[in-house]
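Got your viewer open? Here's a short tour, one selection at a time.

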Amino acid sequence: MAPARIYDARYDDSNDFSTENRLKSGRNMGNSDKISTIYGLDASIDYDGESDESDVDSDEDPLLDYDPDFWTEEGYVETTKEIQKICKKSKKVSQFLRFGGAGYKLSVSHQFESSSQVARCAVQPGNVEDLKKIMQVLARHVNVKFAVKGGGHSTNPGFSSTTGIQISMANFNDLEYNSKTENLRIGAGCLFDEVYKEIAQYKRNIVGATTATGVGVAGWLLGGGYSLLTNQYGLGIDNLVEVQVVLPDGKSLRASAERNRDLFFAIKGGGNNFGIVTSFTVKTYPMGSIYREMLTFPMEKSTEVKAAIVNFMNRCKDKKAAIVATYRHFCIRGKKEHKITVDLFYDGPLPSRNPFSELLQLCDEKWLDKQDEADTKNAENFAFMDQLFSHVNDPSRVAGAPLYCPVDGTRLSLQTYAKNPPKVGEENFRARWGTVMVSHFTPKLLDKIEEESKRASSNMRDNQGKTADIGIWPFLPSMFDNSTPAAWPHKKGQPNGPLHICFQWEGENNDTYWIGLMMQILQSIQKVAKLEGCTNDELPSYCNFSLADTPVEDIYKNNLSQLKIIRTKYDPNDVMGRSGGFRIPLA
């Protein structure tokens, strides 16, 4: 892997922080003057890379012949023509991707089948200048819908997908580490898979996603960003130093705590309401040896596991320690399985007073997935450890017997990793996230979570359910002691974390059942959480885990009125209102 580039002080706003002159696979087909059409779209490609008159001078192309049965809505014909010309003049730096091609499919596909939509076409801007021009085109055509996709990990259809024009940020994938400031600049098209691996060579880490596999940096950060490092350093948005943004009118600017402070505030948890972010500069932290283990217990051990979790929450005040426990129910080829997993994480070598000792003592030798000790190597980075455990979220890979994967310090089993390689691409099933925000957990709330998880699993076979997960992710009361001003409310002394739910199933005909069931379970859990004093109406919903019909008022609370004013300043014509997400209204 090529190392990340060291920051050059000559870098300034004129640089666009994107991949220039990078050919996409399958497009460099050799010398040809071939011009093809599909659904009437101009599909000409300059295979020889030479310019011609049509690249620069022509405003009309007689070969453009649109099928009115396909392009029926006002504005799309002209919009597509203009975007094609921008891409053509860029000499493949930016790419227009017609319906049905491989590049198109990669641009519109999401982590889950239910999140993807059939867009009319897709475009992959290759630099800031072309993205500015594309945004200007979209601003002029007021009836054209579009969407912006980073990693495509959202489960809400229409948030980063569209039936209009899909913008894929895949080409904004550069990484630059500044050895003087120890900050990392990340392109908006990057996934955490590559970010964790790249920054590890500098012995640094970032406050990033809990799972690396397939999660896009942009969506995670724009939503707030809970992390295994949150107890130490806050949310992802608390570690933002600067962003570069293309505004809805096509202008580009940088925002930080020193300049364009209102925009910087709004972007930190404000989603895609204010333009398209092309890069994020974040703080990094030293990374040495880290400890991580995944424990899996049969449901019969639930009482003991819950007691151990409660004791961990009550006794452990170490900011480096974190756990994520999940009730998991699977239906694999008609056979149901029920497990409790507990992900243990410590940011460093385990101390002599092991914070996870009670959970580890519950392990029974007969549950261990024993590894060949000779088949190990030192972990390169956090991402490698994360991918080792990524299979616990994938119902097609879960072993029949309960699994216990040992990771001692940075020693890993290559056997286990080879059996469970990270997945790439769209899953062939449907999914939704849901959440109840809580300040803490109590024994009665844990009992309710177990009860509702069993309810979720009761009719999995009849409704083509694949997985039903309800997660317990406790944080310390001090989690927001280092919080920074942001669109998404999180203040010192007001701990707030997601009790998260994820259902996965097959068949669009089952959407109503699973989404309806999730809403019922969320309401039932929230009722008990309120009675236990674990939540209240003042806690803001976390947009990255919220269902699509969550009111925007519930996400931004008292910050909403200020955000309306900021949005009106930067998007007075409501251009971003034609893209998806939790939309902040204009003032």
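Accessible area here means what the Shrake-Rupley method gives with a 1.4 Å probe. By that count, this protein, a predicted model, exposes about 24500 Å², with carbon and sulfur atoms supplying 48% of it.

Start with the whole chain in cartoon view: you should find 16 helices and 22 strands. Of the 587 residues, 58% are buried. Among contacts with a separation of 6 or more, 75% are between residues 24 or more positions apart.

Now for the rings. There are 20 aromatic pairs to hunt for in the structure. Select Phe159 and Phe582: their ring centres are 4.9 Å apart and the planes meet at 85°, so this pair is edge-to-face. Phe159 is in the loop between strand S6 (146-149) and strand S7 (165-168), while Phe582 is in the segment after helix H16 (560-570), 423 residues apart. Both Phe159 and Phe582 are buried.

Next, pick Tyr226 and Trp488, another edge-to-face pair, with 6.1 Å centre to centre and 80° between the planes. Tyr226 is in the loop between helix H6 (217-223) and helix H7 (230-233), and Trp488 is in the loop between strand S21 (465-472) and strand S22 (497-505), so the pair ties together parts 262 residues apart in sequence. Tyr226 is buried at 2% relative accessibility, and Trp488 is buried at 0%.

Keep those two selected and add Trp433, Trp473, Phe475, Tyr542 and Phe545: together with Tyr226 and Trp488 they form one aromatic cluster.

Last stop: select Arg120 and Tyr76. The charged end of Arg120 sits over the Tyr76 ring, 4.2 Å from the ring's centre.

How values were computed. Residues are numbered from 1 along each chain as its sequence is written. This is a predicted model: local features need pLDDT of at least 70, side-chain atom pairs count only at pLDDT 80 or more; totals for chains, interfaces and linings use all residues. Side-chain values use heavy atoms; hydrogens and water are left out. Helices (H or I, at least four residues) and strands (E, at least two) are DSSP runs, numbered from the N terminus. Buried means under 20% relative accessible area, exposed over 50%, partly exposed in between (1.4 Å probe, protein chains only). Contact means heavy atoms within 4.5 Å. Rings of Phe, Tyr and Trp (its six-membered ring) pair if their centres lie within 6.5 Å; planes under 30 degrees apart count as stacked, over 60 as edge-to-face and the rest as tilted. A charge sits over a ring if NZ of Lys or CZ of Arg is within 6 Å of the ring centre and within 35 degrees of the ring normal.
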